[in-house]
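Thank you all for coming; I would like to take a few minutes to walk through a structure that may be new to most of you. Please have a look at it while I talk, and stop me whenever a residue is hard to find.

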Amino acid sequence: PFFFLGLFVSIISTLLLGFCKTVPALIICRGVVGLLNCNFSVSRAALADIVPNGARAVPFAYMGATFALSRTIASAVGGLTVGIFWTEEFGPFVSPCVVLSVPAIIALATLCMLEEP
């Protein structure tokens, strides 16, 4: 349930972030993501439950590398997509928020299809 909640809140807050017009609204959207999106710590706990004690180093290293790579790629994609879906009402930041929400939507759909062990 924590994965679902974290991904759902992340998707909604990221989409709303692109439509914010004021600084307090931006701070609230990012604050909600920070408070409720605990996927990294929950995924580390799940990985520790699945992988035996002696074999945890490699999966944890892959997880850290994936996190660093995803942060880099998301920043590049966000910068490259600014202004694609330009609207006079909301400005140029709608497109990065929509584009960067798509992988989270795919991850949420994938989690819905997985069987619980």
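Let me begin with the cysteines, where the number of disulfides comes to zero by the rule used here, and let me say at once that this is a predicted model, so every value I mention is computed from it. Why is Cys20 not bonded to Cys29? The sulfur of Cys29 is the closest cysteine sulfur to that of Cys20, but the two are 3.6 Å apart, which is too far for a bond, because a disulfide needs a pair of cysteine sulfur atoms within 2.5 Å. Cys97 is likewise in no disulfide, and its nearest cysteine sulfur, which belongs to Cys20, is 8.2 Å away. As for their surroundings, Cys20 counts as buried at 16% relative accessibility, and Cys97 is also buried, with a relative accessible area of 10%.

From there I would like to turn to the surface, where Leu5, Ile28, Val32, Leu35 and Leu36 together make a nonpolar patch of about 470 Å². Which element gives this patch its largest share? That is helix 2, covering residues 23-36, which contributes four residues. Leu35 lies in this helix, and with a relative accessibility of 71% Leu35 counts as exposed, because the cut-off for that word is over 50%.

Now to helix 3, residues 39-50, which is where you will find Leu47. Is Leu47 buried or exposed? Its relative accessible area is 17%, so Leu47 is buried, given that buried means under 20%. If we set aside residues up to four places away in sequence, Leu47 touches Pro59, Phe60 and Met63. As a further distance for orientation, Leu47 and Tyr62 are 15 residues apart in sequence, while their C-alpha atoms are 11 Å apart in space.

My last stop is Thr81, which sits in the loop between helix 4, residues 57-80, and helix 5, residues 94-113. Although it belongs to a loop, Thr81 is buried, and its relative accessible area is 10%. What does Thr81 contact, once its neighbours within four places in sequence are left aside? The residues in contact with Thr81 are then Ser95, Pro96 and Val99.

To close, I would ask you to keep two residues in mind when you go back to the model, namely Leu35, which is exposed, and Leu47, which is buried.

Conventions: Residues numbered from 1 in each chain as written. Predicted model: local features only at pLDDT ≥ 70, side-chain atom pairs only at ≥ 80, totals over all residues. Heavy atoms only, no water. Patch = residues over 30% accessible without salt bridge, like charges linked within 9 Å, V, L, I, M, F, W, Y side chains within 5 Å. Areas by Shrake-Rupley, 256 points an atom, 1.4 Å probe, with all protein chains shown as cover. Salt bridge = Lys/Arg side-chain N within 4 Å of Asp/Glu carboxyl O. Helix = DSSP H or I, 4+ residues; strand = E, 2+ residues; numbered from the N terminus. Buried < 20%, exposed > 50% of the residue type's maximum accessible area, 1.4 Å probe, protein only. Contact = heavy atoms within 4.5 Å.
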